[in-house]
Amino acid sequence: MTRWLIALLIGVLSAANVHVAQPMRQTTAALYDVFYSSAINDGSSAKAVGKSGLYFVDAHTGLSAVAITNGVNYTLLNDSVIFSDKQSGQSGVAYPDGRVLPHPFLPVGAVWAVSTDRTWLAWSTAHTENGSLLTDLYVAHPNGDNKQLALHTSSSKAISVRPLAVTNDGLTVFYTRQAVDPKASSLYVQAADLYRLTVATGEVVHLNGEPRCACAAAFSADGRLLLRLESTFAAHVIDLSVNVDVRADPLTGYTQAGDAVLSDKGTFGAYSAAKVTASGQQFALIVVDSSAHKQRVLLDFSANRLRPLLFERNALIAIGVDKDGTYKVALTDGTLTQVSANT
């Protein structure tokens with residue numbers, strides 16, 4: 001099994017952002033593979049049984065450490081993994097030696113995005129005061145250096161700010177503004193209305209065509225390209241630097257969509273779509289070909305929901321959402337290969 005597959009951090013079983021992982025390096029240049037399990041049961045502790053967690057495996061020695069997290073929203077950094085506790089919402093951090101600690105500066109209920117190269121972290125936190133919902137959006141290096149309050153908002157209509165992406169240079173944050181509705185139910189994380197924030201100046205730009213729908217959006221690492229869906233599930237690959245919009249006609253029959261990803265050059269995009277049939281909920285993986293202005297069903301399947309993570313070597317790498325597993329889907333014909341029972 002190749003290293004780029006093993007080193008994916010995946011397996012979030014909630015409607016939360018999952019970030020793709022590559023081999024993580026510490027300052028000692030140690031290399032680790034990170035495996036997620038929805039139900040840790042290694043016999044080391046009765047407290048671990050049935051809880052989710054991470055296996056950190058030293059790629060050189062094969063020795064592993066188990067980090068019991070019972071978390072969601074797992075996100076890989078260059079020397080650790082951050083997550084939210086399922087019950088309390090407390091932000092935590094897991095290390096390759098198995099330590100699990102409260103995060104040093106991410107508060108309870110924080111929502112975050114990490115740059116593709118994992119050198120910048122953007123997060124928001126909200127609270128109610130005098131009948132208004134106050135939201136602060138921060139940017140910093142993952143160790144807390146260069147922390148900046150990039151945006152402060154106040155809303156009497158419970159409109160909050162959630163970061164979607166931060167560029168590799170840390171200069172730009174994309175975020176969505178939408179109402180907080182704890183009773184709302186959706187299979188996918190929703191992005192209702194998109195904005196671009198220039199961190200240095202505080203300038204905010206409402207992106208053209210927004211709001212489109214409460215559905216999927218994905219950005220390139222430099223923030224130049226955007227994959228965006230309409231409510232009809234027509235797909236757009238937009239070059240934000242010159243405002244060029246490549247549209248692919250919608251696919252019919254699906255009722256929800258999310259988990260969007262975009263290739264480095266914007267040639268391909270992908271997302272997960274859902275529909276209700278007589279036999280129950282069904283899911284599909286959709287691929288968008290911007291050069292052909294088309295999108296097509298790459299993989300149609302029943303109750304096994306897969307989430308796309310990245311494009312790699314003429315294939316789409318995806319993970320199981322309802323159960324652990326890592327998969328490779330050929331872009332040519334949709335051939336599905338399970339590359340690991342782990343995530």
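Which residues touch the most other members of the largest nonpolar core? Select Leu227, Leu229, Tyr271, Ile286 and Val288: these five have the most contacts with other members of that core, which holds 21 residues. The model you have open is predicted.

**The cores**

Next, colour the strands around this core. At least two core residues come from each of β18, β19, β21, β22 (268–277) and β23 (280–289). Then move to another core, which lies apart from the one just shown and has 17 residues, including Phe301, Phe311, Tyr327 and Leu331. In soluble globular proteins, nonpolar side chains tend to be buried together.

**Strands β22 to β24**

Show β22 and β23 as a cartoon. They are antiparallel and pair over 10 bridges, and they form a hairpin with two residues between them. To check the register, select alanine 270, which stands opposite valine 287 in β23.

Continue from β23 to β24. This pair is also antiparallel, joined by seven bridges. Here valine 288, already selected as a core residue, stands opposite glutamine 295 in β24. Four residues separate β23 and β24 in their hairpin. Stop at histidine 293 in that turn, where phi is positive, at about 55°.

**The salt bridges**

The model has 10 salt bridges in total. Three of them are visited here.

Select arginine 247 and glutamate 230, whose side chains form a salt bridge with an N to O distance of 3.4 Å. Arginine 247 lies in strand β20 (residues 244–248) and glutamate 230 in the loop between β18 (225–229) and β19 (235–239), so the salt bridge ties together parts 17 residues apart in sequence. Are the two partners buried or exposed? Arginine 247 is partly exposed because its relative accessibility is 36%, whereas glutamate 230, at 18%, is buried.

Now select arginine 305 and aspartate 259. Their salt bridge spans 2.9 Å, N to O. Arginine 305 sits in the loop between β24 (294–301) and β25 (306–311), and aspartate 259 in strand β21 (residues 256–262), so this pair links parts that are 46 residues apart in sequence. Both arginine 305 and aspartate 259 are buried. Elsewhere, Glu210, Arg212, Arg228 and Asp245 belong to one network, joined by salt bridges that share partners.

End the tour inside that network, with glutamate 210 and arginine 212. Their side chains meet in a salt bridge at 3.9 Å, N to O, and both residues are buried.

Notes. Residues numbered from 1 in each chain as written. Predicted model: local features only at pLDDT ≥ 70, side-chain atom pairs only at ≥ 80, totals over all residues. Heavy atoms only, no water. Salt bridge = Lys/Arg side-chain N within 4 Å of Asp/Glu carboxyl O. Buried < 20%, exposed > 50% of the residue type's maximum accessible area, 1.4 Å probe, protein only. Core = buried A, V, L, I, M, F, W, Y, C linked by side-chain atoms within 4.5 Å. Pairing = 2+ DSSP bridges.
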